[in-house]
Amino acid sequence: MKHQQEYRDPGLAKLQLQALNQVVSEFDGVMTFMEVCGTHTMAIYQNGIRSLLPDKIRLISGPGCPVCVTPVGYVDHAVALSRRPDTIVATFGDMVRVPGSSSSLLKEQAAGATIKIVYSPLDAVKLAEKHPESDIVFLGVGFETTAPTVAGAVLTAEQIKLENFYVLCSHKTMPGPMSVLAGDPELKVDGYLCPAHVSAIIGANAYQPLVDTYKIPCVVTGFEPLDVLQGVLMLTRQVIAKLAKVETQYRRVVKPEGNRKAQALLNQVFEPCNARWRGIGDIPESGLQLRPEFSHFDAALQLPIEVEDVVEHQGCLCGEILKGKVRPADCRLFRTACTPENPVGACMVSSEGTCAAEYKYGISGQQA
Amino acid sequence: MCLGIPMQVKTIAEEMAVCEIDGVRREASLMMIEDVKVGDYVLIHAGFAIEKIDENEAHLTLKALREALDMGLVAE
């Protein structure tokens with residue numbers, strides 16, 4: 001794979017860790033960095049990075065798994081739609097097993113609903129072309145990396161004049177919750193490992209307001225082990241030098257201004273709206289909804305349906321875990337009532353969820 | 001969910017490209033990127049090329065890394 005082997009070189013990783021140990025030796029105390037993206041969470045667990053870092057550096061996981069931050073009410077809405085006659089729910093695979101208040105899409109599928117797992121939103125458009133007799137509802141979940149692909153699917157559906165393609169939209173945007181967490185007095189975060197591919201779209205400059213307001217170091221970091229180690233080293237250097245600025249480690253993909261064409265696509269189809277984040281609550285302007293001119297694709301408007309009242313699962317600490325305040329092992333359901341086979345909370349369902357990663361790899365990674 | 005796979009563009013027809021990695025080929029939309037040509041490396045996410053991979057920057061990052069580490073070790 002292009003560049004992937006080079007960015008996984010164990011020899012270089014060893015040297016990087018020596019450099020990190022040297023830099024951190026002149027620092028008293030512990031610095032806490034948050035990786036905001038679920039793909040970073042997986043990379044850190046998979047490569048056992050926590051166990052390699054000096055004791056003075058603590059990594060915590062944030063609200064960066066789109067499936068995990070999707071509120072229970074959204075799952076209930078998708079479940080209700082899947083029960084409609086002549087309806088096909090098309091979704092990325094992770095959403096299927098997320099428990100709603102009383103059911104999940106997987107349970108509905110077993111009961112006879114048609115749920116199709118797709119790799120691309122364009123596959124959902126193809127489904128709609130192939131099944132003119134059915135309503136196709138695509139579950140629009142994901143951050144700025146994924147939202148433009150859904151915008152592209154909506155524009156394609158518009159172009160070919162599809163009348164049976166809908167999106168149940170719950171897209172979210174990243175810098176908002178990072179500001180909320182940076183301003184949370186209970187949570188002391190000394191720096192952010194900023195998401196790699198969200199930043200490919202929004203650009204590294206998007207974190208400048210966060211740095212200006214909260215004086216928190218931000219390093220846009222890639223997903224390979226050497227990327228993560230270098231990102232941590234860059235954050236550590238900023239903390240020691242008492243600096244707070246935006247830096248980009250992942251320069252082979254991320255530009256300061258981001259991908260303007262993707263941004264234009266996103267803005268053509270979506271507009272900002274308030275959004276509810278599981279565990280964090282409502283954050284103004286942190287969601288995306290279809291613009292009025294595309295409202296004929298909006299499943300929530302066009303396919304009205306009664307949705308059950310939300311029942312949150314008692315004892316599940318997903319909310320606190322998503323804020324980085326507690327670790328999965330602190331939850332009494334973890335490994336007992338809540339397992340990957342029988343998940344209670346979303347963090348155990350998604351392969352990128354902190355609980356699923358910790359279950360699979362152990363607390364510092366690579367143990368299981 | 002934000003995983004992106006680096007793939008090489010093999011053929012382009014209008015806004016769709018066939019991209020390859022390790023012998024696996026897949027169609028991807030080029031709706032989101034500009035000035036892409038056959039042979040370029042792109043990052044594929046959910047059936048779309050979301051950005052080109054800058055070969056020069058990829059090498060510069062590694063080079064800078066090696067140099068910085070060499071200097072660090074000499075100083076030790």
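**Exercise 1. What share of the longer-range contacts in chain A joins residues at least 24 apart?**

Solution. Start with contacts between residues at least 6 apart in sequence; in chain A, 77% of these join residues at least 24 apart. A contact means that two C-beta atoms, placed from the backbone, lie within 7 Å.

The model is predicted: local features need pLDDT of at least 70, side-chain atom pairs count only at pLDDT 80 or more, and totals for chains, interfaces and linings use all residues. Residues are numbered from 1 along each chain as its sequence is written, while chains are lettered from A and ligands numbered from 1 in the order in which they are written.

**Exercise 2. How many helices and strands does chain A have?**

Solution. Count DSSP runs from the N terminus: helices are H or I, at least four residues, and strands are E, at least two. Chain A has 17 helices and 11 strands. Its radius of gyration, taken over C-alpha atoms, is 21 Å. The globule rule, 2.2 Å times the number of residues to the power 0.38, gives 21 Å for 368 residues, so chain A is as compact as a globular protein of that length.

**Exercise 3. Which strand order does the open sheet of 5 strands have?**

Solution. The order is β2-β1-β7-β8-β9 in chain A, with parallel pairing. Strands pair if DSSP finds at least two bridges between them. Next, find the edges. β2 (57-61) and β9 (246-248) of chain A each have a single partner strand, so one side of each is left without a neighbour in the sheet. Now zoom in. Strand β1 (residues 31-35) of chain A runs parallel to β2(A), joined by 5 bridges. A:E35 has A:S61 in β2(A) as its bridge partner.
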